[in-house]
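The following exercises invite the reader to work through one molecular structure step by step. Each task is followed by a worked solution.

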Amino acid sequence: MTYRNRTLLNLAHEAPCMLQLGVAGCSTNPSVPCHSDMLRHGRGAGHKSADCFAVPGCPACHAAFNRKNLGRDVGYEMAWLKAFERYTVWLWENDKIRVQ
């Protein structure tokens with residue numbers, strides 16, 4: 001079973017575009033959760049990866065966020081990793097994650 005968490009997905013709507021792919025229209029609309037398509041993140045036939053492997057992206061970047069546009073391996077994975085790193089920092093800086 002793949003991990004699902006509505007709260008994590010809702011946070012993506014609060015964040016700016018973390019994909020930052022430089023496409024026309026980037027950041028003109030609220031972000032949506034963009035799930036990784038990597039098998040190691042839980043993606044499989046007919047279902048998305050785990051929600052903890054989704055990053056915020058504007059609709060324009062989300063549409064361009066695929067292996068065809070970014071490269072089969074390194075380009076896609078590097079774009080996702082950079083977005084995930086930016087998002088992790090944003091979560092901490094904006095008190096979305098707290099240590100008790």
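The exercises below proceed from the whole chain to single residues.

**Exercise 1. Confidence in the model**

Task: Establish how far the coordinates can be trusted, and which elements have the lowest and the highest mean pLDDT.

Solution. Step 1: The structure is a predicted model. Step 2: The mean pLDDT of the protein chain is 91, and 99% of its residues reach 70 or more. Step 3: Among the elements, the lowest mean belongs to α3, at 88, and the highest to β2, at 96. Step 4: As a caution, predicted coordinates should not be read in detail where pLDDT is low.

**Exercise 2. Overall architecture**

Task: Determine how many helices and strands the protein chain has, and in what pattern they follow one another.

Solution. Step 1: The chain contains four helices and two strands. Step 2: Along the sequence their pattern is α-β-β-α-α-α. Step 3: The radius of gyration is 13 Å, close to the 13 Å that the globule rule gives for 100 residues, so the chain is as compact as a globular protein of that length. Step 4: Along the principal axes, the C-alpha atoms fill a box of roughly 40 × 35 × 20 Å.

**Exercise 3. Surface, burial and contacts**

Task: Find what share of the residues counts as buried, and what share of the exposed area comes from carbon and sulfur atoms.

Solution. Step 1: Of the 100 residues, 35% count as buried. Step 2: The chain exposes about 6,200 Å², of which carbon and sulfur atoms supply 55%. Step 3: Turning to contacts with a separation of 6 or more, residues 24 or more positions apart account for 66% of them.

**Exercise 4. The nonpolar core**

Task: Identify which residues of the largest nonpolar core touch the most other members, and describe the surroundings of Leu 19.

Solution. Step 1: The largest nonpolar core has 18 residues, and those that touch the most other members are Met 18, Leu 19, Val 55, Phe 65, Tyr 87 and Trp 90. Step 2: Helix α4 supplies the largest share of this core, with seven residues. Step 3: Leaving aside residues up to four places away in sequence, Leu 19 touches several residues, including Cys 34, Val 55, Phe 65 and Ala 83.

**Exercise 5. Two salt bridges across the sequence**

Task: State how many salt bridges the structure holds, and locate the partners of Asp 51 and Lys 96.

Solution. Step 1: A search of the whole structure finds five salt bridges. Step 2: In one of them, the side chain of Asp 51 meets that of Arg 4, with 2.8 Å from N to O. Asp 51 lies in the loop between β1 (32–35) and β2 (54–57), while Arg 4 lies in the segment before α1 (6–14), so the pair links distant parts of the chain, 47 residues apart. Step 3: Applying the limit of under 20% relative accessible area for burial, Asp 51 at 4% is buried, whereas Arg 4 at 40% is partly exposed. Step 4: The side chains of Lys 96 and Glu 14 meet in another salt bridge, at 2.6 Å from N to O. Because Lys 96 lies in the segment after α4 (74–93) and Glu 14 in helix α1, this pair ties together parts that are 82 residues apart in sequence. Step 5: Lys 96 is partly exposed, at 34%, and Glu 14 is partly exposed, at 47%.

**Exercise 6. The network around Arg 67**

Task: Decide whether Arg 67 is buried or exposed, and which residues share its salt-bridge network.

Solution. Step 1: Arg 67 lies in helix α3 and counts as buried, at 14% relative accessibility. Step 2: The side chains of Arg 67 and Asp 37 meet in a salt bridge of 3.1 Å, N to O. Asp 37 lies in the loop between β1 and β2, so the pair ties together parts that are 30 residues apart in sequence. Step 3: Asp 37 is partly exposed, at 25% relative accessibility. Step 4: Salt bridges with shared partners join Asp 37, Arg 40, Arg 67 and Glu 77 into one network. Step 5: Beyond residues up to four places away in sequence, Arg 67 touches Asp 37, Met 38, Arg 72, Asp 73, Tyr 76 and Glu 77.

**Exercise 7. Positive phi angles**

Task: Determine where Gln 20 and Ser 27 lie, and what their phi values are.

Solution. Step 1: Gln 20 lies in the loop between α1 and β1, and Ser 27 is placed in the loop between α1 and β1 as well. Step 2: Phi of Gln 20 is near 45 degrees, a positive value in a residue other than glycine. Step 3: Ser 27, which is not a glycine, has a positive phi of about 70 degrees. Step 4: Gln 20 is partly exposed, at 46%, and Ser 27 is partly exposed, at 47%.

Conventions
Residues numbered from 1 in each chain as written. Predicted model: local features only at pLDDT ≥ 70, side-chain atom pairs only at ≥ 80, totals over all residues. Heavy atoms only, no water. Salt bridge = Lys/Arg side-chain N within 4 Å of Asp/Glu carboxyl O. Buried < 20%, exposed > 50% of the residue type's maximum accessible area, 1.4 Å probe, protein only. Core = buried A, V, L, I, M, F, W, Y, C linked by side-chain atoms within 4.5 Å. Contact = heavy atoms within 4.5 Å. pLDDT = per-residue confidence, 0-100. Rg over C-alpha atoms; globule rule 2.2 N^0.38 Å. Areas by Shrake-Rupley, 256 points an atom, 1.4 Å probe, with all protein chains shown as cover.
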